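Colleague: I am new to this structure and would like to learn how to read its features. Could you take me through them, with the general idea before each case?

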Amino acid sequence: MTAPPYSDLAAGYDAVMAHVDYPMWAGYVRGLLRRHAPEARSVTELGCGTGALARALQPMGPAPDGFDYRAFDGSADMVDVAQAATERADRNPAGRPVTFGVADFREPVPAPPADAVVLVYDGLNYLLDEADVAALLGHIAGALVPGGVAIVDQSTPANSLAHPDGFDDAGETDAFRYLRTSRYDAEAGLHTTTFTLTRPNGSRTTETHVQRAYSVEAVRALVAASPLDEVAAYDGFSTDPATAETERVHWVLRRPAQARRA
């Protein structure tokens, strides 16, 4: 049986993704915000998954309560896990809680606008058409206050070519056993990851996740045509400029403080 991406996988997602260092990722994003939006007090995260980044980044905000933090994902199953995990973690009992909600970033972001918007870990790559990326950039602009900053990352063809099947593995979580296979079609620019999940009762489902590997210049052109301004494009987790060889780009984008003239 097939299932939509991030539905059945949600129950064991954190175990499957245990290799991801979310505190490091949060620290990097916080550093970019300090550099480019030092006065930011509110954050809206898109594609928040099970909330691991939100739980790490929210307390890094201004004292004493951290960021005013809202986090959205298009998968209700992932949001359910995020809410439950955040309640269990209780990492910042004196601070503001993270507010989670179900919202697909293909649609306008629920109000109110924030000082910063964050979309990382390949969220952009799940948009397979440039028109959808252009729409996303417009939604991000609408989700920011004037002068607000967005941190958006992307995986590039260089990453897929360097690791075409680097995520082939198998393992077991409390919810299921899994087999993950990953293949890259360089001609189509599509990276396909398939999860085969087997539950303790023997039932099996398959989730297929497809991403497009956009080049740096393709995204740069879409940003130039969007309501946002490019502030920086960083190579990986550095502050070096991204190049054609960059495997992961972190974009810093700003909504202009004043409306552009027609």
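Modeller: We can start with salt bridges. A salt bridge is counted when a side-chain nitrogen of Lys or Arg lies within 4 Å of a carboxyl oxygen of Asp or Glu. Bear in mind that this is a predicted model. One case is arginine 220 with glutamate 230, where the closest N and O atoms are 2.9 Å apart. Arginine 220 belongs to helix H7 (residues 216-224) and glutamate 230 to strand E10 (residues 229-235), ten residues apart.

Colleague: Are arginine 220 and glutamate 230 buried or exposed?

Modeller: Buried means under 20% relative accessible area and exposed means over 50%, with partly exposed in between. Arginine 220, at 23%, is partly exposed, and glutamate 230 is partly exposed too, at 34%.

Colleague: How many salt bridges does this rule give?

Modeller: The count comes to eight. Among them is the pair of aspartate 8 and arginine 199, with 2.8 Å between the closest N and O atoms. This pair links distant parts of the chain, 191 residues apart: aspartate 8 sits in the segment before helix H1 (13-16), and arginine 199 in the loop between E8 and E9. Aspartate 8 has a relative accessible area of 25%, so it is partly exposed. Arginine 199 has 26% and is therefore partly exposed as well.

Colleague: Which residue forms a salt bridge with arginine 248?

Modeller: Its side chain meets that of aspartate 153, at 2.9 Å from N to O. Because arginine 248 lies in strand E11 (residues 248-254) and aspartate 153 in strand E5 (residues 144-155), the pair ties together parts 95 residues apart in sequence. Arginine 248 counts as buried at 14% relative accessibility, and aspartate 153 is buried at 0%.

Colleague: Now the sheets. How do strands of a sheet pair?

Modeller: Strands of a sheet pair through backbone hydrogen bonds, in a parallel or an antiparallel way. Here, one open sheet has four strands in the order E6-E7-E8-E9, and the pairing is antiparallel.

Colleague: Which strands stand at the edges?

Modeller: Strands E6 (169-172) and E9 (204-212) do; each has a single partner strand, so one side of each is left without a neighbour in the sheet. From one strand to the next, the twist averages 15°.

Colleague: How many bridges join strand E7 to strand E8?

Modeller: Nine bridges join E7 (residues 177-185) to E8 (residues 190-198), and the two run antiparallel. To follow one bridge on the model, take aspartate 185: its partner in E8 is leucine 190.

Key
Residues numbered from 1 in each chain as written. Predicted model: local features only at pLDDT ≥ 70, side-chain atom pairs only at ≥ 80, totals over all residues. Heavy atoms only, no water. Pairing = 2+ DSSP bridges. Axes fitted to C-alpha atoms, helices over the stretch in contact; angles between N-to-C directions. Buried < 20%, exposed > 50% of the residue type's maximum accessible area, 1.4 Å probe, protein only.
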